[in-house]
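Hi,

Here is the structure I promised to pass on to you. Have a look at it first, then read my notes below with the viewer open.

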Amino acid sequence: SLSTSPVATKTVLGLQYCASFCLGYAIRCVSFDYDYDTRECQVQKTIEGPDARLRVLSSFHNFERIGVGHSAWLSYRNLSLEHGKVYTINARIENVLGYTQRISSKGTLVDFTPPDTASILNVKYHTTTADGCSASVKQKSCVDVTP
């Protein structure tokens, strides 16, 4: 059980109902405690940290709505991106329990300016073009990173 006072308490029929109670609660429920013996569900607005510690209390178990280590990959090709504009990615994520989260990227400036080349000596022909490749956000040059 979490050492903070719950924002709501309810007796429910099982763990899944406690998770549903957390999902449907008016404030942002980030964790909940469930007592398997008494079927008491306690909705929390915090997780373990400086102001809240986990403690052994009866047969309560603590559950957090935070997932770590999960990933997904989506690929979009042939987008009509314009030079000099900033684009962001917005995602709505939902897990099998129905927990949803919305996240947004910080944005990426599209820059098709070709790299500045140093002096090239003894060359009969030289050209530099911006080919609009897919580039990593942190790269300084256009290097194709698509699989």
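**What I found**

Let's begin inside one strand: Asp33 sits in strand 2, which covers residues 31–35. One thing to keep in mind throughout is that this is a predicted model. Is Asp33 buried or exposed? Its relative accessible area is 0%, so Asp33 counts as buried. The side chain of Asp33 has a partner, too: a polar contact of 3.0 Å links it to the side chain of Gln44.

**The overall layout**

Now zoom out. The protein has 147 residues, and 20% of them count as buried. Its secondary structure adds up to 1 helix and 8 strands. If you walk along the sequence, the order is β-α-β-β-β-β-β-β-β. The accessible surface is about 11700 Å², and carbon and sulfur atoms account for 53% of that. You can also ask how far along the chain the contacts reach: among those between residues at least 6 apart in sequence, 46% join residues at least 24 apart.

**The helix and its two faces**

Next, find helix 1, residues 15–24. Which of its residues are buried? They are Cys18, Ala19, Phe21 and Cys22. These residues span an arc of only 155° around the axis, so they lie on the same side of helix 1. A bit of background helps here: an α-helix has 3.6 residues a turn, so residues three or four places apart point the same way. What do the buried residues of helix 1 pack against? Their partners are strand 1 (8–11), strand 2 and strand 3 (40–44). Strand 2 is where you met Asp33 a moment ago. On the face of helix 1 turned away from the buried side, you will find the exposed residues Gln16 and Gly24.

**Two residues with an unexpected phi**

Some background again: most residues other than glycine have a negative phi. With that in mind, look at Arg39, which is not a glycine but has a positive phi of about 65°. Arg39 belongs to the loop between strand 2 and strand 3, and with a relative accessible area of 40% it is partly exposed. Asn78 is another case: it is not a glycine either, and its phi is positive at about 60°. You will find Asn78 in the loop between strand 4 and strand 5. At 80% relative accessibility, Asn78 is exposed.

**A nonpolar patch**

Stay in that loop for a moment. Leu79 is also in the loop between strand 4 (60–64) and strand 5 (86–87). Leu79 is exposed, with 53% relative accessible area. Which residues join it in a nonpolar patch on the surface? They are Leu74, Tyr76 and Leu81, and the whole patch, Leu79 included, has about 480 Å² of accessible area.

**The salt bridge**

How many salt bridges does the structure hold? There is 1. It pairs Lys85 with Glu82, and their closest N and O atoms are 3.7 Å apart. Side chains of opposite charge can pair when their charged atoms come close. Lys85 is partly exposed at 39% relative accessibility, and Glu82 is partly exposed at 44%.

**Val110 and its contacts**

Now jump ahead to Val110, in the segment after strand 8 (108–109). With 9% relative accessibility, Val110 counts as buried. What does Val110 touch, if you leave out residues up to four places away in sequence? The answer is Leu81, Glu82, His83, Gly84, Lys85 and Tyr87. So you meet both salt-bridge residues, Glu82 and Lys85, again here. Val110 and Val86 are 24 residues apart along the chain, yet their C-alpha atoms are separated by 6.2 Å.

**One last stop**

Finally, pick out Arg92 in strand 6 (residues 90–94). Arg92 is partly exposed, its relative accessible area being 49%. Setting aside neighbours within four places in sequence, Arg92 is in contact with Thr100, Gln101 and Arg102. Ser104 is 12 residues from Arg92 in sequence, and their C-alpha atoms are 9.0 Å apart.

Have fun exploring!

Methods
Residues are numbered from 1 along each chain as its sequence is written. This is a predicted model: local features need pLDDT of at least 70, side-chain atom pairs count only at pLDDT 80 or more; totals for chains, interfaces and linings use all residues. Side-chain values use heavy atoms; hydrogens and water are left out. Patches are made of residues with over 30% relative accessible area and no salt bridge: like charges are joined within 9 Å, nonpolar side chains (Val, Leu, Ile, Met, Phe, Trp, Tyr) within 5 Å. Accessible areas come from the Shrake-Rupley method with a 1.4 Å probe; for residues, only the protein chains shown count as cover. A salt bridge is a side-chain nitrogen of Lys or Arg within 4 Å of a carboxyl oxygen of Asp or Glu. Helices (H or I, at least four residues) and strands (E, at least two) are DSSP runs, numbered from the N terminus. Buried means under 20% relative accessible area, exposed over 50%, partly exposed in between (1.4 Å probe, protein chains only). A polar contact is a pair of N or O atoms within 3.5 Å; within protein, one must be able to donate a hydrogen and the other to accept it, and residues adjacent in sequence count only if both atoms are side-chain atoms. The arc is that of the directions from the helix axis to the C-beta atoms. Contact means heavy atoms within 4.5 Å.
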